Structure formats: structure tokens, C-alpha cells
Amino acid sequence: MSSSAIGLCWFRQDLRVTDNLALTRALQQHDRVLCLYVHENLNDPDPPASCWWQQRAVQDLADQLHGHLLYRTGDIQHNLQQIVAAYAVGAVYWNRLYDPVSIARDTKLKAWFSEQSVQVHSFPGQLLFEPWQLLKRDGTPYRVFTPFYRACLAQGLPGDVVPMPDLSRLVPVTDARAQIEQDSLTAAWTQSFRDQWAPRRQAGQDRLAAFIARDMPVYHQARDIPATGQVSHLAPYLHSGQLSVREVIAAVCDRPGADAFVRQLIWREFAHYVLYHWPHTLDQPMDGRYSHFPWRTDPTALQAWQRGQTGIPLVDAGMRELWQTGYLHNRLRMIVASLLCKHLLIDWRVGAAWFMYTLFDADLANNTMGWQWVAGSGVDAAPYFRIFNPVSQGKRFDPDGAYVRRWVPELAALPDRWIQQPWAAPAELLAAHDIQLGCDYPRPVVELAAGRQAALAAWEQMKTSAVLV
Ligand SMILES: Cc1cc2nc3c(=O)[nH]c(=O)nc-3n(C[C@H](O)[C@H](O)[C@H](O)COP(=O)(O)OP(=O)(O)OC[C@H]3O[C@@H](n4cnc5c(N)ncnc54)[C@H](O)[C@@H]3O)c2cc1C
């Protein structure tokens, strides 16, 4: 039965009207529904790249709602208090988030709503399964990916998509699209994003359709080759919730190449699951021994890494792509992360923070798991002694140097043999191509063999310190 009190639908990381259970249920339960988005961090003087995406995605959401989106900025609780009072809200609807920061905030808000006699209804929307739904036989959560993956498949992947509801009963509000546009970030470094990405739901759907038709059949082989770009590039759409993971599963299932792709979507699921069950892993190592790791502080090396000036071409190519496009191919995420926390011995949390600042798909769960995996401290992680060598990775995954040539043009003229390791090229060859190392392109910030030995020694030191405690 429909209530005459207003239902408030609070959008967060679910910026779509299709397959949005909170919105659909609110419209089923209430004669009138008010849609809300609150941009909390708008006053950040140095906002992360993902804010650029989020702001445009909110604008797109306002379009999907025909402008009927109440848009607010600033403190969430303060805004909710005002809105509940001003609109006589009877119940609030949202789709759940599972990271510890969101859970703490939502728990506090629920208590406050309850004091105001406002009901709260929350729904699944971000994942395929609720994190408490899948447990081992002994009732504890999975720590290893493959059994978790099998458990997901055994459960049956939900591919049901909730259709777009009738939006005619939305509470009309002053159209905020001009305001959202005005608030959209104009930092100079975001200029380069504009031509490359369209943060609109329709663009995400088009990308998904093109990926299914063209790249998914070869995804299992091509997903490791950064130069060809045969991956979906859907991460920012999934992170903002412009596309739901259920919609993606429904679209890909039974199509050629789906298995390998679905496996990656289940890695996403696993990352959120792990962070839900072990919230301390947001900034603490899952493997407690790593609390004793002798991390180094080296601002010069860190800056060289951030700016793509390490003198190691594949790493520099990745870091430049990240800075200029807000995206980085998964293989490169692993390679650049490995150089930072192994060869350079810089704490994975420092690298994770840089990714959170520069990635459009910056996602607490996926990013934390990715970094802990590379550092060796995470759940089901790569062992520390497995250290990526960027030169052999380049020879294997960028054999003709196409990826390096695109992002490190100062080396483009070098033959394939030397493109991944210009420091090893004969001096006369470098001179013939007008390349002076240390001038046109940096010398390596770390000698790779020595960096590897230092990393292994630090690992031994950590193990000894952990035993002694
Ligand atoms: C150090 C490190 C940091 C990372 N940080 C993030 C992050 O902040 N946000 C983020 O979304 N992903 C992160 N990843 C995971 C992965 O690199 C990206 O999801 C992927 O590269 C996004 O590109 P795509 O959409 O083209 O991926 P595709 O290969 O097309 O994969 C499809 C989708 O599957 C999911 N997925 C794929 N690989 C992984 C993975 N290893 N872990 C979790 N989910 C995965 C993503 O949602 C992705 O969009 C990180 C990985 C590493 C190693």
C-alpha cells in the first residue's frame, strides 16, 4: 500500500534509475518520492580525479530523472536533517555500501533517523551477493579467491535486472543541472580527461555492447596486453553505479568469452567481500607480519614514480597514462605497484593513496585488495619474493614496445630490443637517436637487480622482526 508521506531516495554509488532497488521500492511504497544526491567533498581544494567523474555522473543522473534531483553539497547529516524537516519525509531508501567508512556513517545516520521516527530501508545494489551470504562450511569467510569464485558460481549469478520504474511521481524540485555544472571541477589537469571519457550511463552501455561484440571473445588472451586496450574500461561506470554489476552479468552471460570476464567481476566481488569481513585491511596489512616491514621514506623516488620519471620505460608509460587519462591497465597497475613497494621499498599505502587520487575508478575495496595483493600482505596475495621485473614484463606483454612508445615518446625511435631498457643500449645507438640519458630521459631511479636484492633482504628482516615480537 502506498504511503502519503514522502519517500526519500538517497543516491550514493548507484547513479542510475534502472536496476535501482531503492528507487523502485520507494516508488512502490510512496505516492511521492524525493530524489537526493549530496556531494560531500566539494570544498576540497585539491579534489581527486574521481570527483570529476562523479560530478558528471550526477549530472547524468539528473538527466535520467528529468531534472528532479535535489542536489546538495556539504555535510551529509546536516543536509539530511534539513531535508527531512522541510519535506516531511516518512522513510529513507538507499542501496547499501560495504566499506567501513560508509558502514560507520550509515549506522550513525540510521540511529538518528530512528530518533526522528523516520524509517530506513536499505537494499542490495552494488554487488552480486551480500558479503554475509557466502561463507565456508565452518561459517567463516573465504580467504582464498578460487573457492570463493566457485561458491559464487555454485550459488548462481543473479542476472535479474529491475526495470526502470515509472518516474511520474517524483517530487518536482528546482532543476539543479546548472548548479551541478557550475560545481563541476575545472582543475587544469582534468582537461585531458574530457576528450577521452564520457561519464554518462549511455556511454557505459555503448562501451559494454562494443566490448561484448569485439573484445570479449579474445579477452582471456588479450586482457594482459596494454597496447591493444582489449579490456572493458567499465571500472569507473561500475564504481559510480552508472552500470550495475547485475546488468553487466545479464548482458554478457552465454556470450563468447564471458567466463574469463565474469571471473574478473568476481574479483571485484571478492575485494568488497574481504574489506567487509576484515575492515582493518583498509590501512593495515591482512598478514600481521607486514606491520614489521622496514618501509623506506624516499620523497625523490616517490615523486619520480608519480610523475612517470623513474627511467624505467614501462613504469613511466603506466604512470603517465594514469595521470593523463585517470585510467591504468590492470597489468600496469601490478607492475608500477610492484616497483614502488618492492624495488623502492615504499609503503603500499603511499601508492594506494596516489591511485585513489588519480584513478577515475578509485575504489576503496578494489584498490586496497590490489595493493595488498602486490605488496604480499593481503588475502590470497602474491608472495613477496615474486617480484615483477619491469623489463621482462615489457618483453612479454609489450613485445614491440607499442605501449611504451605511446606514452614515452622520447624513446619512440629506439629499436624493440632496447625500448624496455634504454640504459643497456649501446652508447652510439642512443647518440644516433639523439637520446642522452639523464638529460632527455632519466637514468633508472633504482638498479633493478640491486632493488630486487634489497627487497628480499627487507622481507627477511621483516620475518625475523615478526618472530621476535
Ligand atoms: C594495485 C592495484 C590497484 C587497483 N585499484 C583499483 C581501483 O581503485 N578500482 C578498481 O575498480 N579496480 C582496481 N584494480 C583492479 C583492476 O586493475 C581494475 O579493476 C581494472 O584494471 C579496470 O579496468 P577495466 O574496467 O578495463 O577491467 P576489465 O579487465 O575489463 O575487468 C572488468 C571489471 O572487473 C573488475 N576487475 C577486474 N580486475 C579486477 C581486480 N584485479 N580486482 C578487482 N576487480 C577487478 C573491475 O570492476 C573491472 O571493471 C586495482 C588493481 C591493482 C593491481
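**Exercise 1. Ala26 and a distant partner**

Task: In which helix does Ala26 lie, and is Ala26 buried or exposed?

Solution:
- Step 1. In this predicted model, look for Ala26 in helix 1.
- Step 2. Now check its surface. Ala26 has a relative accessibility of 0%. Buried means under 20%, so Ala26 counts as buried.
- Step 3. Then look across to Ala91. Along the sequence, Ala26 and Ala91 are 65 residues apart, yet in space their C-alpha atoms are 8.4 Å apart.

**Exercise 2. The span of helix 2**

Task: How does the reach of helix 2 go with the span expected at 1.5 Å a residue?

Solution:
- Step 1. Helix 2 runs over residues 49-64, which makes 16 residues.
- Step 2. The expected span uses 1.5 Å times one less than the number of residues; for helix 2 the expected value is 22 Å.
- Step 3. From its first C-alpha to its last, helix 2 reaches 23 Å, close to that expectation.
- Step 4. Now turn to its cover: 15 of the 16 residues of helix 2 are buried, so this helix is mostly covered.
- Step 5. Keep following the chain. Just after helix 2 comes His66, with a positive phi of about 55°.

**Exercise 3. Two positive phi angles**

Task: Where are Asp19 and His233 found, and is each of them buried or exposed?

Solution:
- Step 1. Asp19 is not a glycine, but its phi is positive, about 50°. You can find Asp19 in the loop between strand 1 (6-11) and helix 1 (21-29).
- Step 2. The relative accessibility of Asp19 is 0%, so Asp19 counts as buried.
- Step 3. His233 is not a glycine either, and its positive phi is about 60°. Its place is the loop between helix 9 (219-222) and helix 10.
- Step 4. With a relative accessible area of 18%, His233 is under the 20% cut-off and therefore buried.

**Exercise 4. The ligand and its surroundings**

Task: Which residues come nearest to the ligand, and how much of the ligand does the protein bury?

Solution:
- Step 1. There are 27 residues around the ligand, and those that come nearest are Tyr219, Ser232, His233, Tyr327 and Asn330.
- Step 2. Now go through some polar atoms. A side-chain N or O atom of Ser232 is 2.6 Å from an oxygen atom of the ligand. For Leu234, a backbone N or O atom lies 3.1 Å from a ligand oxygen. The side chain of Tyr327 has an N or O atom 2.8 Å from an oxygen atom of the ligand.
- Step 3. Next, the cover: the ligand taken alone exposes 810 Å², and the protein buries 96% of that.
- Step 4. Finally, the place. The ligand sits in the largest pocket. Helix 10 (235-240), helix 12 (258-277), helix 15 (330-343) and helix 17 (364-375) are the elements that give two or more residues to the shell around the ligand.

**Exercise 5. Two threonines**

Task: Which of these two residues is buried and which is exposed: Thr358 or Thr174?

Solution:
- Step 1. Thr358 is in helix 16 (residues 348-358). Its relative accessible area is 0%, so Thr358 is buried.
- Step 2. A polar atom of the Thr358 side chain lies 2.7 Å from the backbone oxygen of Trp354.
- Step 3. Thr174 is in the loop between helix 5 (145-155) and helix 6 (177-183). Its relative accessible area is 71%, and exposed means over 50%, so Thr174 is exposed.
- Step 4. Thr174 and Gly67 are 107 residues apart along the chain, with 7.8 Å between their C-alpha atoms.

Notes: Residues numbered from 1 in each chain as written. Predicted model: local features only at pLDDT ≥ 70, side-chain atom pairs only at ≥ 80, totals over all residues. Heavy atoms only, no water. Helix = DSSP H or I, 4+ residues; strand = E, 2+ residues; numbered from the N terminus. Buried < 20%, exposed > 50% of the residue type's maximum accessible area, 1.4 Å probe, protein only. Near = heavy atom within 4 Å. Polar contact = N/O pair within 3.5 Å; in protein donor to acceptor, adjacent residues only side chain to side chain. Areas by Shrake-Rupley, 256 points an atom, 1.4 Å probe, with all protein chains shown as cover. 1 Å grid on protein atoms, 1.4 Å probe; cavity = no way out; pocket = protein on both sides within 12 Å on 5 of 7 lines; lining within 4 Å. Sits in = over half its atoms within 2 Å of the grid points.
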